[in-house]
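Biologist: Could you take a close look at the salt bridges of this protein and explain, step by step, where the partners sit and how open they are to the surroundings?

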Amino acid sequence: MLYLYVNILIMKNIIILIIALLGLSACFRTKTDIEEEHEKQRIKDSIHADSVNKKRNTPDTTIATFKRTMRCDGKLMVTFDRVKVLSGNDAAEYAIRHKRFGNNLNVVVNHEVTLETLPMDERALVYLKQEHKNPQDTTQIEYTYEQKNYEAVEGLMYETVIEIIILHRSIIYLKQREL
């Protein structure tokens, strides 16, 4: 009888020990899974941060239409819309498809209006069309691009086609395109 009592006590202790080990292993496994999820999320965030840094550190050259300027916290903000300029055969085909008649040498295409507003860098290079009269003949006007102060951008006309370069979410180069 004592032998049976000792065996039951040993079996009871072994069952309690197994239940405790299973409970602890479940805690450790959950903790490991949570740590693994955190590590995967950290790697995903790191890859995203690296891609954002690469994009911000890579100059973005685009053709756009000028919309407006405004002053915000002492900075000149330029609002523009990215467009595509077609020329040659592409422009002629586009004009025929969309029933545009007249000058089809260059066509500005904008399927979706998505305005962007970015600040002008204080050291930005700005090239605007300037009228220069020939000293001998006052009727002849030639257009040249000259580097101007970035505040000259405020005088641009609405829907003027411009070429810009963006770096670190600022415009560092702006050139008025002739179409």
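**Salt bridges in the predicted model**

Modeller: Confidence in the protein chain is highest in strand β2 (residues 75-82), at a mean of 90, and lowest in β6, at 64. This is a predicted model, and its chain has a mean pLDDT of 79, with 81% of the residues reaching 70 or more. Where pLDDT is low, the predicted coordinates should not be read in detail.

With that caution in place, we can turn to the charged pairs. Side chains of opposite charge can pair when their charged atoms come close. The structure holds 8 salt bridges, and among them is one between the side chains of Glu36 and Lys40, with N and O 3.9 Å apart. These two residues are separated by about one helical turn, because they stand 4 residues apart in helix α1, which runs over residues 2-57. Glu36 has a relative accessible area of 42% and is therefore partly exposed, whereas Lys40, at 53%, counts as exposed, since the cut-off for that word is over 50%.

Another salt bridge joins the side chains of Glu159 and Lys67, with a distance of 2.3 Å from N to O. Here the pair links distant parts of the chain, 92 residues apart: Lys67 belongs to strand β1 (residues 60-72), while Glu159 lies in the loop between β6 (141-148) and β7 (161-167). The two partners fall into separate classes of exposure, because Lys67, with a relative accessible area of 13%, is buried, and Glu159, with 37%, is partly exposed; the cut-off for buried is under 20%.

Strand β1 and the loop between β6 and β7 appear again in the pair of Arg71 and Glu154, a salt bridge whose closest N and O atoms are 3.4 Å apart. Arg71 lies in the strand and Glu154 in the loop, so this pair ties together parts that are 83 residues apart in sequence. In this case both partners count as partly exposed, Arg71 at 42% relative accessibility and Glu154 at 39%.

Finally, salt bridges can also be followed through a group of residues, and here Asp60, Arg82 and Glu116 are linked in a network of them. Taken together, the pairs described here include one inside helix α1, between Glu36 and Lys40, and one, between Glu159 and Lys67, that links distant parts of the chain.

Note on methods
Residues numbered from 1 in each chain as written. Predicted model: local features only at pLDDT ≥ 70, side-chain atom pairs only at ≥ 80, totals over all residues. Heavy atoms only, no water. Salt bridge = Lys/Arg side-chain N within 4 Å of Asp/Glu carboxyl O. Buried < 20%, exposed > 50% of the residue type's maximum accessible area, 1.4 Å probe, protein only. pLDDT = per-residue confidence, 0-100.
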